[in-house]
Amino acid sequence: MALLEVTDLTVRFGGVVALDRVSFVVNAGEVVALIGPNGAGKTTLFNVVARVYRPGAGSVMLDGEPVLQMPAHQVVRHGLARTFQNLALFRSMTVLENVLVGDHINIRSSFLGASVPLPDTLKAEATARKRAMDMLEFVGLTQLASHPVAALPFGVQKRVEMARALVSKPRLVMLDEPAGGISHEEVADMARLVRRIHSELGTTVLLVEHNMGFVMGISDRVVVLDFGRKIAEGTPAEVQGNPAVIEAYLGAA
């Protein structure tokens, strides 16, 4: 069953066509990678699904519901979360506080705004903290919960952002370059983490990534964009051998 269905998505920025009638589906339980050269339209597509950009044409369905008719916060309530190519953490806050922000849909406004610690407020706070700490344990960062996030290495901050995206227990998580800017050893650790997100949490994954070893090692299917158009789709092996993909990455012989 299609959890995410993108149909004929078109986005223009002035005279530039960033996405040109792109269509694909992500089935529940899959890990799907969206790849392509720089400027292919990958992050633009993520931003449309997350309601950051409004497309000129096309549709996006999340579990049968029309995403483009929802406000951004409603998309989160329907079970979608994301990370960012450029980290979007609150640098003045601790690791735990950043993860709690990702759980805002489950935290009542009375908890966030309460000036008097009523019993219900204290219970809600304790429950939210437990969810956040459980997710920090999942990504291996329990011992850093009280640390300022700005003081942490880039690779660790990526895991903080991953925990923040996952704490609300989304059905679909979109990962924007999870292996970007980290060391070879951290890439291997990140690949293991994404596999665990899929296998242990049961979360469907759509990711954008340039590291082809990472992509081919964890993906069920791969969708390839080039200049805003979908040029290939299939298993990692099928995509690796596709002449159009080879030309897009390496140029015509």
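How many salt bridges does the count come to? For this predicted model, the count comes to 12 salt bridges.

## Around Asp20

Let's start with Asp20, a residue with two of these contacts to look at. The side chain of Asp20 meets that of Arg21 in a salt bridge, at 3.2 Å from N to O. Asp20 also pairs with Arg229, and here the N to O distance is 2.8 Å. That second pair links distant parts of the chain: Asp20 sits in strand β2 (residues 16-27), while Arg229 belongs to strand β10 (residues 229-234), 209 residues apart.

How do the partners sit with respect to the surface? Asp20 has 17% relative accessibility, so Asp20 counts as buried. Arg21 comes out at 56% and therefore counts as exposed. Arg229, at 47% relative accessibility, is classed as partly exposed.

## Glu30 and Arg221

Next up is a salt bridge between the side chains of Glu30 and Arg221, with 2.8 Å from N to O. Glu30 is in the loop between β2 and β3 (31-35), and Arg221 is in strand β9 (residues 221-226), so this pair ties together parts that are 191 residues apart in sequence.

Both ends are tucked away by the numbers: Glu30 is buried, with a relative accessible area of 12%, and Arg221 counts as buried too, at 14% relative accessibility. The pair doesn't stand alone, either: salt bridges with shared partners join Glu30, Arg221, Lys230 and Glu233 into one network.

Definitions and conventions:
Residues are numbered from 1 along each chain as its sequence is written. This is a predicted model: local features need pLDDT of at least 70, side-chain atom pairs count only at pLDDT 80 or more; totals for chains, interfaces and linings use all residues. Side-chain values use heavy atoms; hydrogens and water are left out. A salt bridge is a side-chain nitrogen of Lys or Arg within 4 Å of a carboxyl oxygen of Asp or Glu. Buried means under 20% relative accessible area, exposed over 50%, partly exposed in between (1.4 Å probe, protein chains only). Helices (H or I, at least four residues) and strands (E, at least two) are DSSP runs, numbered from the N terminus.
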